Amino acid sequence: MDENPALTPETAHMPKREKLVIIGNGMAPGRMLEVLLDLAPEKYDIAIFNAEPRVNYDRILLSPVLSGEKSFEEIIIHGDGWYIDHGITLYKGHKVVEIDRAAKLVRSEHGAVEAYDRLVIATGSLPIIIPVPGATRPGVLTYRDLDDVTAMLLASKSRGDAVVIGGGLLGLEATAGLAEQGMKVTVVHLMPTLMERQLDASAGHLLAKALERRGITVLTGANTKEIMGGTHVTGVRLEDGREIPASLVVMAVGIRPNIALAKQAGIETHRGIIVDEQLRTSDPAIFALGECAEFGGATFGLVAPLYEMAKVLAATLADREAAFAPAATATKLKVTGINLFSAGDFADAPGREEIVLRDAARDVYRRLVLEDDRLVGTVMYGEVSDGVWFFDLIKSGAPVGAMRETLIFGEAYASGAPLDPMAAVAALPDEAEICGCNGVCKGKITAAITSKGLTDLDGVRAHTKASASCGSCTGLVEKLLQLTLGETYLPGKPAGICPCTDLGHGDVRRLIIARELKTIPDVMQALQWKSSGGCAKCRPALNYYLLATWPGEYKDDAQSRFINERVHANIQKDGTYSVVPRMWGGMTSANELRAIADVVDKFAIPAVKVTGGQRIDLLGVRKDDLPAVWRDLNRAGLVSGHAYGKALRTVKTCVGTDWCRFGTQDSTGLGIRLEKFLWGSWTPAKVKLAVSGCPRNCAEATCKDVGVICIDSGYEIHFAGAAGLDIKGTEVLGHAKTEDEALEIIAGLIQLYREQGYYLERIYKWAKRVGTDTIRQLIMEDRERRQALLARFIHAQKFSQTDPWAERAMGAEAHEFSPLADLSRLEAAQ
């Protein structure tokens, strides 16, 4: 056959085709070609170089291939026939090694050469390999393409242990896939919550719980130090010393644009290949597309912006006007049975408000973020059917004020007509169950209100038990009161901890125990918090309640504490801090005083004050000097006085029988013993003690939270005093014959306060609420209960009696004390 047939009248007048060469055959160039062939099917002769030895496939569906739900053939986008039908030359397994811009030639590693009029670089991205020892061992894989999936499927045949490093989108998809293949998987993630770029902390927590229910171990806040093994990987060692066995390690910590080829060719690059609105590089004949491209200082990894790029580039190559403008993106996790959706910008910022819906029974969480009467971001977990509608609202920027009241419920309520919860409750039949815990129906409650003349929630609880257990039906019971009593119903003052919840402190404390809630996100989801992450009122309270309820299980959340407790010093009005070392029972020594004097001189501390609690206060310490100050004080045996904390502050003493001619007992010795036994324990509010050696009360024990008056027959224990904004004398708790008994009584009292007190409630307010007689009965008349309280206190102290100053002097929480910039050095450099 003649290889150069004669021109026909039809072909003689056809314009000569330009040559388009594409480097890369991923989803973005595939979509670009589809659009281009629709817009200008005869404009180009096209050649594609694909480093992979196969046709174009849907990388989004690699996860179902890994889990066994799909085969490779099912995820092919363009098979061999498609390329043949469109006259496209596809070089499979040809990695391009050179772009000759002067000659307009492209050369592959196998020697194939193609000339181009226009060139598209779509080299995608490369997986980030964290630089830890053992990262190149056999058995360490990445997760980017079909070859990686094939290698993981082969490794999974062992049904052994796998570690996935990285809890982002790709890492979790790999985790779920390997688990489906029968491997025991641990996901190790550096950040505090999973998928922190796509989810807020609440949704990330729910996702972790869902994975754990599937038998997957989730370790957050975990930093990989080493990949262990010899000729093959055997495990992963974390920075905190934990070792996780593994025969397979998958690194999925992120990607970086693959720009080496463009850089080698002299094309302008930064993080990616820099392009303009038409995806044109610094060379007018060369374009960049997909994950390798950088526009406006940003690179893109999600499919939506990449497909938008593809449409713009196709139009540009077809000589039509188009411009790339990044828009809001949406994220879904491709793991069967886990439904989550996020879109837009849901970060906290001034001027924004949030609407939150939680349904603990169905494990549902929704959060909408509004700004200037428009929806700007959303996070959804569990029930995501309205995700597309919310996403459209974000992209359109349409005002949502008219449907503000019903927006969180989705498109079905988009009319904006406010829901009438009272009408819904009124429509319930009498047999409708209101209180599931106690099996109380609507009719029983309304009958009790009418027949017994009940007027408030406490009355309903007392006579029907409705709302008396978990408290989740409290709102319904209150509505029944309002419906039954009409205008005569006077609702009590809301007892919620803060606007984030209608539950009071007592309900929250009770439910934490009843439902075994052991993290802040657990509490917020189970108790249906109205905000996504709580606020400055509820987070510190929840942190304390969990710390006091689950010692040794709950890890103190520093970010849920105020600044003084985070940095373990009291901030002053000029931004400096005060440091108060602990002096046991108010006693000190020449060695300690010399150490304090040396610290004052060394760090030029401007003020030294003797406090009313028999301590020495160093005022005016710079924040970045705190660890060094503590280190020097530690060397002399001085530890934190917790003068900043909701904890034991001081035990003030008089000199007692050691020196005083009126002393009846060793008050100083008892004070020191009490302080060394009680220090370090977190309490609802600050706690101050005093021990006076005789009824003359030189240590002022009768206005403290807990006081001891030494008498000839032993020790008179006092409690519930105040000497601040409120002035109140103590109540007598009881008498102890020996020091041991006094210590047991006081520790039992402190533990009872720790278990019953509300956050920021001082002991005298707690005693007023609970009743001094009740406390006296529990502590003094029920020794078995008192000893149980003592045992729980001793257990908690195992996890509390560590000096926070010493830990931070050794480098813990170093970021809290590092200045953002050394201005003096910056000025000197200029």
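Buried means under 20% relative accessible area, exposed means over 50%, and partly exposed lies in between (1.4 Å probe, protein chains only). With that in hand, let's work through some exercises.

The model is predicted, so local features need pLDDT of at least 70 and side-chain atom pairs count only at pLDDT 80 or more, while totals for chains, interfaces and linings use all residues. Residues are numbered from 1 along each chain as its sequence is written, and side-chain values use heavy atoms, leaving out hydrogens and water.

**Exercise 1. Place Glu675 and describe its surroundings.**

Step 1: Glu675 lies in helix α21 (residues 667-678); helices (H or I, at least four residues) and strands (E, at least two) are DSSP runs, numbered from the N terminus.

Step 2: With 0% relative accessibility, Glu675 is classed as buried.

Step 3: Look for contacts, meaning heavy atoms within 4.5 Å. Leaving aside residues up to four places away in sequence, Glu675 touches Arg582, Met583, Trp584, Gly585, Arg615, Leu648, Arg649, Thr650 and Val651.

**Exercise 2. Sort the two sides of helix α13.**

Step 1: In α13 (residues 457-464), the buried residues are Leu457, Gly459, Val460 and Thr464.

Step 2: These residues sit on the same side of α13, because they cover an arc of only 160 degrees around the axis. The arc is that of the directions from the helix axis to the C-beta atoms.

Step 3: Asp458 and Ala462 are exposed on the other side of α13.

Step 4: Among the elements covering the buried residues of α13 are β30 (440-441), α12 (442-452) and α14 (474-485).

**Exercise 3. Describe how α22 and α23 pack.**

Step 1: Two packed helices are described by the angle between their axes and the distance between the axes.

Step 2: The axes of α22 (residues 739-756) and α23 (residues 763-770) come within 11 Å and cross at roughly 75 degrees. Axes are lines fitted to C-alpha atoms, for helices over the stretch in contact, and angles run from 0 to 180 degrees between N-to-C directions.

Step 3: The crossing makes α22 roughly perpendicular to α23 (under 35 degrees is roughly parallel, over 145 roughly antiparallel, 65 to 115 roughly perpendicular, the rest oblique).

Step 4: From α22, Leu749, Ile750, Leu752, Tyr753 and Gln756 meet Ile763, Trp766, Arg769 and Val770 of α23. The residues of this contact divide into 7 nonpolar, 1 polar and 1 charged (Ala, Val, Leu, Ile, Met, Phe, Trp, Tyr, Cys and Pro count as nonpolar, Asp, Glu, Lys and Arg as charged, and the others, Gly among them, as polar).

**Exercise 4. Count the disulfides and check Cys694 and Cys710.**

Step 1: A disulfide is a pair of cysteine sulfur atoms within 2.5 Å. By this rule the count is 0.

Step 2: Cys694 is in no disulfide, and the nearest cysteine sulfur, in Cys660, is 5.7 Å away. Cys694 is buried, at 7% relative accessible area.

Step 3: For Cys710, the closest cysteine sulfur belongs to Cys654, and at 6.9 Å it is too far for a bond. Cys710 is also buried, at 0% relative accessibility.

**Exercise 5. Examine the positive phi values of Asp373 and Asn697.**

Step 1: Asp373, a residue other than glycine, has a positive phi near 65 degrees. Asp373 is in the loop between β27 (364-371) and β28 (374-381) and is partly exposed, with a relative accessible area of 39%.

Step 2: Asn697, not a glycine either, has a positive phi of about 60 degrees. Asn697 occupies the loop between β36 (687-692) and β37 (706-711) and is buried, with a relative accessible area of 16%.
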